[in-house]
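Colleague: I am new to this structure and would like a close look at a single part of it. Please choose one residue, describe its surroundings, and then follow the links outward.

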Amino acid sequence: MKKNKISLLLVTCIMVLTFTNCDDITSENNTRTASFDTLEELASGRLPSLYANLRSRSLFSQAGIPASWSDAGIDTHGGTLFPQEFNPIYNYTYDSGTMIIEQTWAEFYKSIKNANAFIGQVNAASGDDALRESLIGQARFIRAMLYFEMVKIWGNVPLIVSEDISLDTVLEDSEASNAEAEDIYLQVISDLEYAKANLPFKSGSADVASGAAAQTLLGKVYLQMTTSTAFGGVEGGVDASGNAVSVNTRFEQAKAELTGILGQYELETNYSDVFSVEAENANSEVIFAVGFEAGPQTGSDWGDWIGPWGNCRHGGCFSAYPINISFAFQYLIPDGLVSATEFFTSTNASLDPDLYPLPNYTDGFFNNTTIRLSNELLLLGIENFVSDVRFEHNVARFHAQNLVELADGTQASNPLAIFNNQEVVTARWQPWKFHKPNPNPNQGGQGDIDFPYLRYADVLLLMAEIENELIGPGAAVPYVEEVALRPLKSQVLNAIPDLTGTGVSYIVPTVDTPGTSRSELQPFIDSNLESVDTNLFMVTPEESSSKDTMLDRILLERAKELCFEGKRKDDLIRTGKFTEVVNSIKFGQVFNSVATDDIKLNYDQAKHVHWPIPFRELSLNPNLKQNCAYANSGGECF
């Protein structure tokens with residue numbers, strides 16, 4: 001093992017020592033002949049590689065930590081159908097040898113060390129001091145972002161910030177011991193304070209670090225530091241002098257930072273524009289995004305893994321993550337389509353109906369025997385009954401590839417097939433947020449879709465959480481309602497139109513006959529539309545009756561607004577709701593081939609608020625300690 005370690009160190013040293021004149025595979029701008037002697041050369045030739053690191057497959061791609069950590073094993077979508085190596089992450093059966101955990105750790109430190117070395121190069125290069133401060137500010141923002149994610153995922157990790165790339169320093173860093181989580185947070189705060197002070201408030205492009213991005217992230221950091229030790233947090237942590245800081249102080253600090261963002265951005269009028277490739281350069285809501293550009297090296301997989309079924313060229317793709325039906329039903333409750341959200345597949349007769357009750361549907365909207373939308377609703381279109389456009393945007397109810405193939409004639413087309421593929425049975429609804437064009441010009445993993453890491457709706461709902469804690473529920477209400485009312489339509493159907501005596505009836509297509517067309521029904525839709533009752537979406541007196549009930553409403557709104565953006569698990573851990581939510585997940589809330597009914601048997605709060613330190617890293621570094629919840633020997637742990 002020692003021999004292997006020395007070999008690894010030599011390879012690492014060679015890589016680091018040649019950092020200034022080698023290709024960086026994550027960057028589209030570097031060449032072997034670049035010298036990077038000046039700040040201008042570093043800005044054009046090396047800085048892009050730091051941003052490119054963020055789009056690593058293990059980091060902020062859709063198959064990265066948003067899927068492997070942030071939205072894994074919780075209640076918005078279920079375990080993955082494939083690839084199989086993700087299943088332990090969703091079912092809480094992973095351990096220190098799980099490859100995804102090992103790969104993610106390695107990618108974080110690769111990116112952190114690149115940022116460290118870049119800062120050292122900038123300090124040594126000649127050029128204008130204002131440019132120097134800007135370059136360092138951007139690098140420190142990126143480093144803060146990386147360490148913030150690491151401390152949430154692992155807790156006590158090595159803190160490596162050395163800018164020196166000498167052999168002695170590389171050897172020393174390779175044997176760094178775990179730093180306390182409190183110290184990791186202090187470094188993150190220091191980096192963000194520098195970035196905030198030395199970057200323009202707005203950068204002109206959401207995928208370039210700015211003072212506003214640093215200030216927003218700093219507010220999120222302070223808020224996450226309120227996480228209790230029972231849920232793996234630092235419960236306030238310490239200040240730079242090592243003195244304990246109260247949770248209340250962290251709430252106050254978070255409020256101070258996020259208050260400075262209020263009014264500086266605004267919610268997009270159309271929810272879908274937040275995620276539109278066409279609107280990326282004119283987006284009023286995204287504060288910082290991980291940028292992607294279509295192509296083999298710089299392209300995005302957002303929309304590939306989480307979306308409707310279908311070939312990547314047909315607007316869908318792998319569709320590996322089924323939606324949690326109970327979560328999808330949350331969008332339907334205010335309009336009265338569903339009055340309870342418990343759900344299981346009726347084919348599993350062994351389940352106790354008292355523990356796993358069928359959902360309560362409003363008469364006429366659902367067919368209880370098949371857990372499918374009623375024929376009338378299918379013909380009229382469920383979107384005409386749902387006030388919240390987030391349902392249509394975030395929940396796919398169709399088979400993308402089948403519809404395209406039916407339309408272009410590569411699949412045998414008949415009226416019933418087209419009808420059946422437009423509103424798929426609820427058990428196969430899919431998460432959908434990052435919409436790919438149809439047809440799609442890009443192969444899988446080569447798209448244009450950016451990842452919105454920080455956006456204004458998140459800030460508003462974090463302010464609601466803060467005000468609820470510091471002042472009370474009433475102070476939180478305006479922030480929640482600003483987000484909740486944004487996606488509402490002006491008119492919807494409140495009941496299935498009665499066609500008696502009209503000469504038109506609800507006829508389902510057959511293989512040979514088209515049935516009632518949408519064009520025939522459109523006049524009845526138009527004449528029966530009613531104004532949306534916004535009161536149904538406002539905070540109720542019951543929800544605002546206490547801090548606890550208000551927090552539940554805030555978390556529900558965050559789930560509906562920010563689903564599939566990698567925020568949910570951190571929210572649940574921070575607010576102490578993680579265990580409660582995991583234990584509430586029931587069989588059949590996701591596609592029944594995914595064994596999510598087992599996760600509560602595997603879940604252990606003490607373990608699963610963090611990942612284990614990878615076994616490979618422990619074997620290479622004698623000073624590195626394992627998380628005690630994962631330690632299986634009498635050795636030292638933290």
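**A lysine and its surroundings**

Modeller: The residue to begin with is lysine 152, which belongs to helix H7. Everything that follows refers to a predicted model. Lysine 152 has a relative accessible area of 10%, so it counts as buried, the limit being under 20%. Apart from neighbours within four places in sequence, lysine 152 is in contact with Trp69, Tyr185, Gln224, Asp570, Val609 and His610. These partners give several directions in which to go on.

The partner Tyr185 leads to helix H9. Helix H7 spans residues 129–154 and helix H9 spans residues 181–198; their axes come within 8 Å and cross at roughly 150°. Because an angle over 145 degrees counts as roughly antiparallel, H7 and H9 are roughly antiparallel to each other. The crossing of these two helices is left-handed. On the H7 side the contact is made by Glu133, Ser134, Ile136, Gly137, Arg140, Phe141, Arg143, Ala144, Tyr147, Phe148, Val151 and Lys152. On the H9 side it is made by Ala181, Ile184, Tyr185, Gln187, Val188, Ser190, Asp191, Leu192, Tyr194, Ala195 and Asn198. Both lysine 152 and its partner Tyr185 thus appear in this contact. By class, the residues of the contact of H7 with H9 are 13 nonpolar, five polar and five charged.

The partner Gln224 of lysine 152 leads to helix H10, which covers residues 211–224. Helix H10 has a crossing of its own, with helix H17 (residues 456–470). The axes of H10 and H17 come within 11 Å, at an angle of roughly 35°. Here too the crossing is left-handed. In this contact, Thr216, Lys220 and Leu223 of H10 meet Asp458, Val459, Leu462, Glu465 and Ile466 of H17. The residues of that contact are four nonpolar, one polar and three charged.

Tyrosine 265 also touches residues in this region. It is located in the loop between helix H11 (247–259) and strand E1 (286–290). Its relative accessibility is 11%, so tyrosine 265 counts as buried. Outside its neighbours within four places in sequence, tyrosine 265 contacts Phe201, Lys202, Ala212, Ser284, Glu285, Val286, Ile287 and Tyr456. One of these, alanine 212, is 53 residues away along the chain, and its C-alpha atom is separated from that of tyrosine 265 by 9.7 Å.

Another partner of lysine 152 is Asp570, and this residue number falls in helix H21 (568–574). The loop between helix H20 (547–562) and helix H21 holds glycine 566. With 12% relative accessibility, glycine 566 is counted as buried. Residues up to four places away in sequence aside, glycine 566 touches Pro66, Ser70 and Asp71. Glycine 566 and tyrosine 453 lie 113 residues apart in sequence, yet their C-alpha atoms are 8.6 Å apart.

That loop between H20 and H21 also contains phenylalanine 564. Most residues other than glycine have a negative phi, and most peptide bonds are trans. Phenylalanine 564 has a positive phi of about 65°, although it is not a glycine. Its relative accessible area is 1%, so phenylalanine 564 is buried. Tyrosine 92 also has a positive phi, near 60°. Tyrosine 92 is placed in the loop between helix H5 (87–91) and helix H6 (99–124) and is buried, with a relative accessible area of 3%. As for the peptide bonds, the one from asparagine 438 to proline 439 is cis, with omega near 0°. Proline 439 belongs to the loop between strand E5 (430–431) and strand E6 (451–455).

Some totals set these details in context. The protein chain has 25 helices and eight strands. Of its 638 residues, 56% count as buried. Among contacts in the chain with a separation of 6 or more, 72% join residues 24 or more positions apart. The accessible surface of the chain comes to about 24,700 Å², and carbon and sulfur atoms account for 51% of it.

Notes. Residues numbered from 1 in each chain as written. Predicted model: local features only at pLDDT ≥ 70, side-chain atom pairs only at ≥ 80, totals over all residues. Heavy atoms only, no water. Axes fitted to C-alpha atoms, helices over the stretch in contact; angles between N-to-C directions. Helix = DSSP H or I, 4+ residues; strand = E, 2+ residues; numbered from the N terminus. Parallel < 35°, antiparallel > 145°, perpendicular 65-115°, else oblique. Left-handed = near helix turned anticlockwise from the far one by under 90°. Contact = heavy atoms within 4.5 Å. Nonpolar A, V, L, I, M, F, W, Y, C, P; charged D, E, K, R; others polar. Buried < 20%, exposed > 50% of the residue type's maximum accessible area, 1.4 Å probe, protein only. Areas by Shrake-Rupley, 256 points an atom, 1.4 Å probe, with all protein chains shown as cover.
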